[in-house]
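User: I'm new to this structure and would like a close look at one part of it. Please start with a single loop residue, then work outwards.

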Amino acid sequence: MRSQIKLLHILTLLGSSFLLSNAQASKNPNLIVIMCDDLGYSDLGFNGCEDIPTPGIDRIADEGVKFTNAYVSYPVCGPSRAGFMTGRYAQRFGFERNPQYDPTDPNMGLPQEEMTLAESLEQVGYHCGIIGKWHLGSHPVNHPLNRGFNEFYGHLGGGHRYFPELLTDRDIFEPMSDYESYFTYIVRDHQTVETDQYLTDEFSDEAVDFVKRNQDKPFFLFLSYNAPHLPLEATEEYLSRFNHIEDPKRRTYAAMVSAVDDGVGELLATLDELGIEDDTIIFFLSDNGGVSKKNASNNKPLRGQKGDIWEGGFRVPMAARWPSAFKAGIVYDLPVISLDIFATIAGLNNAPANQGRPLDGVNLVPFVNGENTGVPHEAIYLRKYDQQRYAIRYHDYKLVIHKANAKPQLYELSEDIGETNNIANAHPEKLEQLGKILNEWTSELQDPAFLGLTHSDAWIKKRKNQK
Ligand code: CA
């Protein structure tokens, strides 16, 4: 499998240079990745949402490509983001749990041996900024400015309160838990700063400002909204748009998504205004499925929600736009994964990846353009170590092991997107084939390297004893 991926990578690199010389696409295009947090699969206009209009985000899909079979590499925030940020399955390097907020532990986060997307792009002259949620380690060694970013404006933990009057903690070393970190002031580079508006608006304004300030050089902006992650908090301005939604949870959730959509709309308008829209690749996606029982998100027709190895856990809404290279209105149906973003931009720039730690993604450009009609990935993999849950999607078949020692289940996703009809008994040969490929992958993985949010009690006790 590894050699297949390598070969594909080389082929796609060749493909991309062909494209650049022929389509005269810009060299060193800017990269903007807009990631939402716990957004439901069907909560955007481009994925069929009817009660929350999202014209800003829909522009990306309408003017570019909509991915209908897009995955992230894990169904909760931290490991999914670690995968995106390194272009590799985070189970390969022990990042298989949501990290605790612990600025005293250098091992609670991305290992130093792994290369981040920003560390790669800075080597080919990119100016890199992250706005919003980090969640890849709160110890100074893992601060974004020590992991390749030139600018940081956001919060280091897994979520945040949205109203400025709720942010009361000036000292980012003070919180004893991830939840306590929700109350810290926002951090600009290394300093906490006072803010005066709704957090989503704050991040959107900062993103517009970042693009204006950096329009003359190649840049990478990771706009990492913590919305619509819990807690459900929205301003009257956004809530008043959804008086027609009776369920108060869904209404607040809709308002939070609408705030993000306004921000994305403004960011796209800024690119237009500056005349750099053709030179900018934008990806939009969610970091995992909606946590539908708690935030009233909608993952239908997918089964399950955040945390699950069902499709609702890690199949996400995703779109990309790059006017110089992608025709408008493409719908791309073959499986892709968030790990492809690193490989795509690195392939276009000949940006370095880690020696001996190969990327798991591929450059998507030739696939989207139709130059490569093959599959970007034979298989998409998932392991959740703590629950001993496993899944593999191999072409349209998906094998699911829902708990330790459980009988494997088999689904055919092109006919059964909701994973309702277990066809394991009818296809023993498929079960065997997929099981074998899955085992090959898991043999390359490490055990988790740190305790996670699900071990909070033990962790908080340990930290309190340290004090
Ligand atoms: Ca998340």
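Analyst: **From one loop to the pocket and beyond**

Let's start with Gln305, which sits in the loop between α8 (292-295) and α9 (311-314); helices here are DSSP runs of H or I with at least four residues, strands are E runs of at least two, and both are numbered from the N terminus. Keep in mind that this is a predicted model, where local features need pLDDT of at least 70 and side-chain atom pairs pLDDT 80 or more, while totals for chains, interfaces and linings use all residues. Residues are numbered from 1 along each chain as its sequence is written, and side-chain values use heavy atoms, with hydrogens and water left out.

Gln305 counts as buried because its relative accessibility is 14% (buried is under 20%, exposed over 50%, partly exposed in between, with a 1.4 Å probe and protein chains only). Beyond neighbours within four places in sequence, Gln305 has contacts (heavy atoms within 4.5 Å) with Gly290, Val291, Ser292, Lys293, Asn299, Gly312 and Gly313.

Now hop one residue along, to Lys306. Together with Val76, Asn98, Leu453 and Thr454, Lys306 lies nearest the centre of the largest pocket, which has 27 lining residues. A pocket is an open set of points on a 1 Å grid over the protein atoms alone, where a 1.4 Å probe fits and protein lies on both sides within 12 Å along at least five of seven lines; lining residues have an atom within 4 Å of a point. This one holds about 670 Å³ of space, counted as the space filled by probe spheres set on the points, which are joined across faces, edges and corners. The pocket lies between domain 1 (29-368) and domain 2 (379-466), because both give residues to its lining; those bounds come from an automatic or database assignment.

What does Gly452 touch, not counting residues up to four places away in sequence? Gly452 touches Arg97, Asn98 and Gln100, and Asn98 is one of the residues nearest the pocket's centre. Gly452 is in the loop between α12 (428-442) and α13 (456-466), and it counts as buried because its relative accessible area is 0%. From Gly452 to Tyr198 the C-alpha distance is 29 Å, with the two positions 254 residues apart in sequence.

Over in that other region, look at the charged pairs. The whole structure has 28 salt bridges, each a side-chain nitrogen of Lys or Arg within 4 Å of a carboxyl oxygen of Asp or Glu. Glu194 and Arg170 make one of them, at 3.6 Å from N to O. Glu194 sits in the loop between β7 (191-193) and α5 (199-213), and Arg170 in the loop between β5 (151-155) and β6 (186-188), so the pair links parts of the chain 24 residues apart. Both Glu194 and Arg170 are exposed.

Arg188 and Glu206 form another salt bridge, with their closest N and O atoms 2.9 Å apart. That pair ties strand β6 to helix α5. Arg188 is partly exposed at 35% relative accessibility, whereas Glu206 is buried at 8%. Both also belong to a salt-bridge network with Glu151, Asp209 and Arg213.

A last stop is the loop between β8 (219-224) and α6 (236-239), home to Pro228. Pro228 is joined to Ala227 by a cis peptide bond, with omega about -5°. Pro231 is in that loop too, and the bond from Leu230 to Pro231 is cis, with omega near 0°.
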